[in-house]
Amino acid sequence: MASALMSRALRNRSIPSFSAIVSRFMSTLVLAEHEGGLVKPSSLSAVEAAGFVNKEKSISVLLAGSGPSLQEAASHAASCHPLISEVLVAEADILKHPLAETWAKLIQLVQQKDGYSYIMASSSSFGKNVLPRAAALLDVSPVTDVVEISEPRLFVRPIYAGNALSTVRYTGPDPCMMTIRSTSFPISTFSKDTKSDAVPISQVDLSTFNEETFGKSRWLNLTSQDSERPDLGNARVVVTGGRALKSADNFKLLEKLAEKLGAAVGATRAAVDAGFVPNELQVGQTGKIVAPDLYMAFGVSGAIQHLAGMRDSKVIVAVNKDPDAPIFQVADYGLVADLFDVIPEMLEKLPEKK
């Protein structure tokens, strides 16, 4: 009688599906960048992407560095996004600068201890530098430049400079490691406007972290331009110039226009190679991937490598003397004119930024 009742109770009780059981044990580690005591928006986009593969709230964020800015960034990470469940902090002088060798060893150390199902980072120069090396140490194949997550292990990524999309299924062992395009996973309005309850902040045990093995490379310096203009990767408006600007002095016209529009300045590879602007302003397949609300291209022909870095922009405006320039094929608005006539006229008619 007792066995019959037990059997009936087992039949009536809902048994979770295999995928539901597996999802409970899924955990994700996001490799985060920070600057000025804040987690970078591109890393928060990686957290957004992590929500697609991990429906449970089991997303840890890893921060590394040293000094007060690291602790400020940890406090920011602990309350800036509702999907984050834990913040891991690795504090050491050797981690002050994001070298691939030190970060890869750190990721290996954390993975061996906690056994994450996924390790994710944004497809920035940091993610592209660190993740492949860490994947080699963990003996897995990374999936790079993901623009869509169809299923927990089914991803879409661009190939042929963005002219085609490839669907990739990851069938290897844990962890599944990937970089994501931050422009494809914008931070939700809820996440921006809502301050979550602070989650736990834990220190990573670095007692077994052998600093003597990192002699192959060392940090020299960082050269960057100090500017009040918004960051190129996250700007709402981007003004880009090509080789048609002819010189670095002429690029100052573009900078004046950007100041009036509150925009970031970008450049094509040809303009960077010609020495008009530093390579940190390059937009394209081998530069930064941007998707602003407004993208203005002056003297940009529209080479396939450049289009790969800006084709997701909401509105594209192109100005070029050549009516057959490929940029007009993707532009929402096009003007066949000399940029040296158009930019001064815009500077004259646009009001000063308040």
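This report describes the nonpolar cores, one central strand pairing and one helix pair of a predicted model.

**Cores**

The largest nonpolar core contains 64 residues. L31, L63 and L106 have the most contacts inside this core. Apart from its neighbours within four places in sequence, L106 touches L62, A64, A90, L95, V204, L206 and F209. There is also a second, separate core of 23 residues, with L254, A263, F298 and I343 among them.

**Strand 6 and its partners**

Strand 6 covers residues 118–122, and 5 of its 5 residues are buried. In a regular strand the side chains alternate between the two faces of the sheet. Here Y118, M120 and S122 lie on one side, I119 and A121 lie on the other, and both faces are covered. Strand 6 pairs with strand 1 and with strand 11, as the table shows.

| Partner of strand 6 | Direction | Bridges | Facing residues |
|---|---|---|---|
| Strand 1 (residues 28–31) | parallel | 3 bridges | T28 and Y118 |
| Strand 11 (residues 176–180) | parallel | 5 bridges | M177 and I119 |

**Helices 5 and 6**

Two packed helices are described by the angle between their axes and the distance between the axes. For helix 5 (residues 100–114) and helix 6 (residues 125–138), the axes come within 8 Å and cross at roughly 50°. Helix 5 and helix 6 are therefore oblique to each other. The crossing is right-handed. On the helix 5 side, the residues that meet helix 6 include W103, I107 and Q111. On the helix 6 side, the residues in contact include F126, V130 and L137.

Methods: Residues are numbered from 1 along each chain as its sequence is written. This is a predicted model: local features need pLDDT of at least 70, side-chain atom pairs count only at pLDDT 80 or more; totals for chains, interfaces and linings use all residues. Side-chain values use heavy atoms; hydrogens and water are left out. A nonpolar core is a set of buried Ala, Val, Leu, Ile, Met, Phe, Trp, Tyr and Cys residues joined through side-chain atoms within 4.5 Å. Buried means under 20% relative accessible area, exposed over 50%, partly exposed in between (1.4 Å probe, protein chains only). Contact means heavy atoms within 4.5 Å. Helices (H or I, at least four residues) and strands (E, at least two) are DSSP runs, numbered from the N terminus. Two strands pair if DSSP finds at least two bridges between them. Axes are lines fitted to C-alpha atoms, for helices over the stretch in contact, and angles run from 0 to 180 degrees between N-to-C directions. Angles under 35 degrees count as roughly parallel, over 145 as roughly antiparallel, 65 to 115 as roughly perpendicular and the rest as oblique. A crossing is left-handed if the near helix is turned anticlockwise from the far one by less than a right angle, and right-handed if clockwise.
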